[in-house]
Amino acid sequence: MSLIDTLKQHTESIVNSKHMLKGITLASFFESTIVPIPLEAVMIPLMQARREKLWLIALMATIGCIVGAIAGYALGYYLFDLVGDWIIETFSNQDQFEQISSRMEDQGFWFVLTLGIVPIPFQIAMLAAGATKFSLMYFLVATAIARSLRYFGLALVVFLAGNKAEELIRTYKTKAIVIITAIVALLWWLSTLI
């Protein structure tokens, strides 16, 4: 059984749990910090089953991710010398980290925003933001925007498409990511002209 199938089975057990919102917040925290597995596998079926809490689920997932982002930032800021190499080797490689660090110094807000949208591990962006001492406020704003687009976007699709949401997301996810990333890149470019 694949990891995604296992997650779906566990989702079914928490749908009616009184700890469902705490669970989704915790899952989002772990997804943003140490478990680079897309939360959509859990969130979409959960949102479909609990439509009365659709927007609250998206909010709690966003909050969990932001708290995780603060932890990742702090790790990079305070403990990079101790654990940075291990994290880089676990989630990425040294060359990719150097490129990200360079971009953080030059265009941090837009870079974090873009990395928060595209389907690559966000952990490396958090570590780089902390290690380069990038502004925590700008980092959190970019993270909140990116993850809100992700989670509230899922909620909107479930709200509009109901039980067909999972199929629609699977079919159009890549196109949606490309379009949103292109819009962010355009805004990023326009910001350099001002």
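# A look around an all-helix model

Let's start with how the chain meets itself: of the contacts in the protein with a separation of 6 or more, 81% are between residues 24 or more positions apart. Keep in mind that this is a predicted model. The protein has eight helices and zero strands, so-called α elements that run α-α-α-α-α-α-α-α from the N terminus on.

How much of the protein is buried? Of its 194 residues, 41% count as buried. The accessible surface of the protein comes to about 10,700 Å², and carbon and sulfur atoms own 66% of that surface.

## Inside the protein

Now for the inside. The largest nonpolar core has 26 residues, and Met104, Phe122 and Phe139 are the ones with the most contacts inside it. Helices H4 (54-91), H5 (94-117), H6 (123-131), H7 (136-161) and H8 each chip in with at least two residues of this core. Which helix gives the largest share of this core? That is H5, with nine residues.

Pick out Phe139 and see what surrounds it. Leaving aside residues up to four places away in sequence, Phe139 touches Ala69, Tyr73, Val112, Phe122, Ala125, Met126, Ala129 and Phe134. Apart from the largest core lies another core, this one of 19 residues, including Val42, Met47, Ala58 and Ala61.

Three of the residues that Phe139 touches, namely Ala125, Met126 and Ala129, turn up again among the buried residues of H6. Is H6 mostly covered or mostly open? H6 is mostly covered, with eight of its nine residues buried. Those eight are Gln123, Ile124, Ala125, Met126, Leu127, Ala128, Ala129 and Gly130. After H6 comes Lys133, which has a positive phi, near 60°.

## Rings that pair up

Next, the aromatic rings. A pair of aromatic rings is described by the distance of the centres and the angle of the planes. The whole structure holds seven aromatic pairs. Here are two of them, side by side:

| Pair | Centre to centre | Angle between planes | Arrangement |
|---|---|---|---|
| Trp55 and Phe152 | 6.4 Å | 10° | stacked |
| Tyr73 and Tyr77 | 5.9 Å | 20° | stacked |

The Trp55 and Phe152 pair links distant parts of the chain: Trp55 sits in helix H4 and Phe152 in helix H7, 97 residues apart. Trp55 has 37% relative accessibility, so it counts as partly exposed. Phe152 is partly exposed as well, because its relative accessible area is 27%.

Why are Tyr73 and Tyr77 separated by about one helical turn? Because they are four residues apart in helix H4. Tyr73 counts as buried because its relative accessibility is 7%, while Tyr77, with a relative accessible area of 34%, is partly exposed. Both tyrosines belong to one aromatic cluster, formed by Tyr73, Tyr77, Tyr78 and Phe139. So here is Phe139 again, a residue that also has Tyr73 on its list of contacts and ranks among those with the most contacts inside the largest nonpolar core.

## Charges that meet

How many salt bridges does the structure hold? There are two. In one of them, the side chains of Arg150 and Glu31 meet at 2.9 Å, N to O. This pair also links distant parts of the chain, with Arg150 in helix H7 and Glu31 in helix H2 (residues 20-33), 119 residues apart. Are Arg150 and Glu31 buried or exposed? Both are buried.

In the other salt bridge, the side chains of Arg50 and Glu52 meet at 2.7 Å, N to O. Arg50 has 13% relative accessibility and therefore counts as buried, whereas Glu52 is exposed, because its relative accessible area is 57%.

## On the outside

Finally, the surface. Ile179, Ile183, Leu186, Leu187, Trp189, Leu190 and Leu193 make a nonpolar surface patch of about 700 Å². One of these residues, Leu187, is found in helix H8 (residues 165-193). Leu187 counts as partly exposed because its relative accessibility is 42%.

Another residue to look up is Ile70, which lies in helix H4. Ile70 has a relative accessible area of 38%, so it is partly exposed. Where is Thr33 relative to Ile70? The two are 37 residues apart along the chain, and their C-alpha atoms are separated by 9.4 Å.

Methods:
Residues numbered from 1 in each chain as written. Predicted model: local features only at pLDDT ≥ 70, side-chain atom pairs only at ≥ 80, totals over all residues. Heavy atoms only, no water. Patch = residues over 30% accessible without salt bridge, like charges linked within 9 Å, V, L, I, M, F, W, Y side chains within 5 Å. Areas by Shrake-Rupley, 256 points an atom, 1.4 Å probe, with all protein chains shown as cover. Salt bridge = Lys/Arg side-chain N within 4 Å of Asp/Glu carboxyl O. Buried < 20%, exposed > 50% of the residue type's maximum accessible area, 1.4 Å probe, protein only. Core = buried A, V, L, I, M, F, W, Y, C linked by side-chain atoms within 4.5 Å. Contact = heavy atoms within 4.5 Å. Phe/Tyr/Trp six-rings, centres within 6.5 Å; stacked < 30°, edge-to-face > 60°.
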